[in-house]
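Let's take a stroll through some aromatic contacts and one loop residue. Have the structure open while you read.

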Amino acid sequence: MTQVTMLPASPLCRCLTVFFTGWLTLLFAFIIVPAIVGVSLGIRSLYLRTLIRIFEWATLRMELRAKEKNQQLYRPYTKGIIAKEPTSSLKQEIQELRGSASCLRSEFQPADIFYFCRRGMESIVDDDVTKRFSPQELESWNLLTRSNYNFRHISPRLSALWGLGVLVRYSILLPLRVTIAFTGICLFLFLTAVVGFLPNAELRSYLSEKVHLMGYRFCVRSLTAIITYHNRENKPKNGSICVANHTTPIDVIILANDRCYSLVGQLHGGLLGMIQRGMVRSSPHIWFQRSQVRDRHLVAKRLGDHVADKTKQPILIFPEGTCINNTSVMMFKKGSFEIGCTIYPVAIKYDPRFGDAFWNSSKFGLVRYLLSMMSSWAIVCSVWYLPPMNREEGEDAVQFANRVKAAIAAQGGLVDLIWDGGLKRAKVKESFKEEQQKLYSRVLIGDKRLEDRNSDKMNEDSAAGQ
């Protein structure tokens, strides 16, 4: 009988076995199990406090080095090209150009051209729209080359610390986060498929919520996201619509980590489409085909049918329609405010010191963006639940949307802008140009004369009708 002799394992194989066993054990004990049961062990908070101390030390070193060289450390955004004065009204500025208030209400004068030329040049150099689609400026260095413009102030000690940070982020944090995300997605797809086959609707709904919460917790941990929720008594309730400012696709994960929502969007292919189909098996999400997205009546009908059922989860919508760099809130589309249901506003504010959450979709693809997020230090943000708001009597959908937008901007410390976020890819609408022309017309002919003209026109229309 032939005997098989087993060769002893090499020391390298034993070391690798011990390493992967320990790695998987720590991953399962400190990340996977807490994500499933929904508890936090405080590791991320300790990690965040350590990062803050390191950033403060690195910034202090850079400031001292810049002071020694008598150089400016932080660059101004406009590079000193223009210095804007406090904004005054169109009427006041035209009056200053003409030099007299007595000649203000008259015909057009050539001097008026200078006002529009100056405002146009200011907008070209430093407008309020374009800079909302670029990364937010930092006042301190977070040891990421993507957020530092002052390499000449970095000392050898800081360079060594930066190199150590690169090693930690790409050899430890990135593989760990990818592993967590892969584990969470696989577990989520399997469990949603199982829950979707349950015949009991009440049990299916209950388990679906638990599975979705577990999946979102995995995603939060895969980004090392540290989220602070405020005013949880105002969390959205069933049969309503939740609206929030939009910075990144992970806004959905940030909000759904605390409460399940029904999502609205276009049905995609690939991995994202697989996840969408897995979600809809066990939960009433609203996905549209590409050909249906522009059908406003169909979208409004499906949204109205959903919020009419008080047993269904609230719908999560981002009315801006595009991602803004978390310094401002731009125009809200009126569609979700025409439904006639209660609106729950939510303000989201990210801390850019630990990683820039803004996604410039016209510049970076989704895969590259997610890689950038997973190789950052962390995602730190605050979420404020605002009191529910309803449409007032005599208020149209646009006015209601602007009122909700103003509340979100005030709570999150964001700039409230009237501009459409679609200007990232489209031209200015003619209605905006006409509004500026009307303002100038009021300056020339006066509000009273304009009102008289409107009144005369109404009287003529009335007489013609009789």
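Phe337 and Phe400 are both buried. Keep in mind that this is a predicted model. Phe332 is buried as well, just like Phe337.

So how do these rings sit against each other? A pair of aromatic rings is described by the distance of the centres and the angle of the planes. Here are the two pairs that involve Phe337:

| Pair | Centre to centre | Angle between planes | Arrangement |
|---|---|---|---|
| Phe332 and Phe337 | 6.2 Å | 20° | stacked |
| Phe337 and Phe400 | 5.5 Å | 80° | edge-to-face |

The Phe337 and Phe400 pair ties together distant parts of the chain, with the two positions 63 residues apart. Phe337 lies in the loop between β6 and β7 (343-350), while Phe400 belongs to helix α11 (residues 397-412). As for Phe332 and Phe337, that pair is stacked because the planes are at 20°, and the cut-off for stacking is under 30 degrees.

The count of aromatic pairs comes to six. Elsewhere, Phe55, Phe354 and Trp377 come together as one aromatic cluster. Trp377 also has a charged neighbour: the charged end of Arg169 sits over its ring, 5.6 Å from the centre.

Now for the loop residue. Is Thr327 buried or exposed? With 18% relative accessibility, Thr327 counts as buried, because the limit is under 20%. You'll find Thr327 in the loop between β5 (315-317) and β6 (328-329). Its side chain makes a polar contact with the side chain of Asn325, at 2.6 Å.

Technical notes
Residues numbered from 1 in each chain as written. Predicted model: local features only at pLDDT ≥ 70, side-chain atom pairs only at ≥ 80, totals over all residues. Heavy atoms only, no water. Helix = DSSP H or I, 4+ residues; strand = E, 2+ residues; numbered from the N terminus. Buried < 20%, exposed > 50% of the residue type's maximum accessible area, 1.4 Å probe, protein only. Polar contact = N/O pair within 3.5 Å; in protein donor to acceptor, adjacent residues only side chain to side chain. Phe/Tyr/Trp six-rings, centres within 6.5 Å; stacked < 30°, edge-to-face > 60°. Lys NZ or Arg CZ within 6 Å of the ring centre and 35° of its normal.
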